[in-house]
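Got the viewer open? Let's take a short walk, one selection at a time.

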Amino acid sequence: MNRIIKTVSLFVATTLLAQAQTPNPIKVNVAQPVSEIQPTMWGIFFEDINLGADGGIYAELVKNRSFEFQKPLMGWKIERKTFHEGEVLIQNRADKNTANPRFVSVKVENAQKGDLGLTNEGFRGMGIKNGLRYDFSVMYRQSGSPVKVHAELLDAKGQVIGEGTLTPSQTDGQWHRQAVSFNAKATEAKGKLRLWFEGNGQIDLDMISLFPEDTWKGRPGGMRADMIQKLADLKPGFIRFPGGCIVEGFDLNNRYQWKKTIGPIEERQLIMNRWNIEFAHRPAPDYFQTFGLGFFEYLQLAEDIGSEALPILNCGMACQFNSAEVVPMDQLEPYVQDALDLIEFANGDINTTWGKVRAQMGHPAPFNLKMMGVGNENWGPQYIERLKVFTKAIKAKYPNFKLINSSGTDPNGDRFDYLNKELRAMNADFIDEHYYRAPEWFLKNAGRYDSYDRNGSKVFAGEYASHTNNGASASNRNTWRAALSEAAFMTGLERNAAVVQMASYAPLFAHVDGWQWNPDLIWVDNLQSFGTPSYYVQQLYSLNRGTHVLSMTQNNQPLIGQDSLYASASWDKASNEIILKIANNNSQAQVREIQLDGVKKLDPNAKLIVMQSDPNSVNTFEEALKVSPSEKKIVVNAKTKKVSLELAPYSFYVVRIKTL
Ligand code: AHR
């Protein structure tokens, strides 16, 4: 009898232990999609920070090409064999040209190549590629005997690695543009451009420019192709531009004004980039915005890469951390008019004032702009007061146009609570939430949106990044730990796609020698670029978006950190696929069985994409793909509709299963 009791007890104990060790399957309800996922769901945030535009995607290699920096010869060095006073002078024609007043006058007397020159150092050097064509151009004015300009590409040691001569053809005392192209004979990451002047007379020069041949889509004066390709490879649903804090500016005078960024580049008025002076530990005294890359180019970029454009405009308030300057309410009208005119510029018929400007710039077809942000990280009653005026005017003219409103700088606290309440009471289309937080915050907040009102304002997670160290400092690193916490958090965004309809990591780019903010999604030097682990997480979400959310639960609960697991599922109508995303933030491997309910037939051969690494791993130029996805095949039990996954420590999986 005793033996029977013992055997039964042993059996019960073993069964209980086995049950405790074998977690219940994770269930995916394929039959009843929960909500739609918008094509805009995963997008990108672009700002001219960290040399993102000037010195970044804008492929101009000459720094301070029009001598408009605060120090007019910053970036330039005068080369003289024999010193003569007054040979190189900065002149100002502010009375005639307010946008681009300064130029340089060079006077030579029987000068030979090598006697008098100007060298430009580029943005932390110039990236020069062997065999590539370089297009050198200037605006010039002269009236006497012509002065020749010899352009030389130099390597880091000062050796000539490419040269061409520009012989100005006009001597009528008017401004003209002329160009000469030549090929580089070597590759150099820290190149320079040197100009020698030959002749007898005076030549005035402005807009001294050097572009590589290999710009994005081969557009003259265009964008750096490798960087834009990285964006195109994300297939982003939208592109937010031009920021970020540069929208607000240090003060209102320093705010981003889109109308000053369109038309001929020599008429676009340069301003200081507010990141020039923002961080004492990362000063960037040579950081200005030339606006060679302006709103037309941003709209065109969005079109090129198949994204919705999302411009953010100043709301009549400068950065509240800087000057906190506000425009008086009775002077807000021009700001609102800028917003209305931007919609006309993007979408208006070519017979409208601003539609005509767009057509003259080479794009008669409308850009079909659907949304814009009013304000960046603005807060307080002053913001609400101004926003209401914008909203009324824009909605009166364009009732279906969507507006993105700011919820400030933080995802919680008094300021956030105040704005969230006010904006919801205003029926805001989108509320822009920002979170630069520790990995633990992202993990803890994977369920943040589970309780958000499904019927109220939608959320735009407009700026976020996991910061392994506090602040945007050098000690922050784009580790796998950070990226995995973002992947885990993003399961919560996807699960709540009924509420969160757009999301973008920030900032996008950083130059290794010119950054102010760290971490960033993509790092570049003058020649190359690489994606961080976070880049590949963003890409996995974007390329595996799906069209509808599916419920994915264990014990009837969404996976928001139980056993350090985070998960979401979607259905892709176009390809008839179930897409699972699972992050395992555990230091141990875990096995989970996933039950696909409500599906008739499955293709047993499924695709498994995995990212897995040591939490401290990072990508570098040398090991650009160290933490990046790899693809495998996996077999699904087509009979039981089950798939078993062995989840490696610190891993993120995407599984694509075809239904038949
Ligand atoms: O992404 C960097 C900065 O972070 C943005 O300019 C600003 O909006 C936020 O504070």
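Leaving aside neighbours within four places in sequence, which residues is Leu493 in contact with? Select Leu493 and you'll find Met41, Trp42, Tyr435, Tyr449, Tyr464, Val500 and Ala503, where contact means heavy atoms within 4.5 Å. Before going on: this is a predicted model, with local features needing pLDDT of at least 70 and side-chain atom pairs counting only at pLDDT 80 or more, while totals for chains, interfaces and linings use all residues. Residues are numbered from 1 along each chain as its sequence is written, and side-chain values use heavy atoms, leaving out hydrogens and water.

Now add Ile394 and Phe652: with Leu493, they touch the most other members of the largest nonpolar core, which has 122 residues. Such a core is a set of buried Ala, Val, Leu, Ile, Met, Phe, Trp, Tyr and Cys residues joined through side-chain atoms within 4.5 Å; buried means under 20% relative accessible area, exposed over 50%, and partly exposed in between (1.4 Å probe, protein chains only). For a second, separate core of 34 residues, pick Val62, Tyr134, Ala184 and Phe197, which are among its members.

Next, the backbone. Most peptide bonds are trans, and most residues other than glycine have a negative phi. Go to Gly243 and Gly244, joined by a cis bond with omega near 15°. Another cis bond links Ala506 to Pro507, with omega about -15°.

Then select Asn427, a non-glycine with positive phi, near 60°; Asn427 is exposed at 62% relative accessible area. Last stop: Tyr650, also not a glycine, has a positive phi of about 45° and is partly exposed at 23%.
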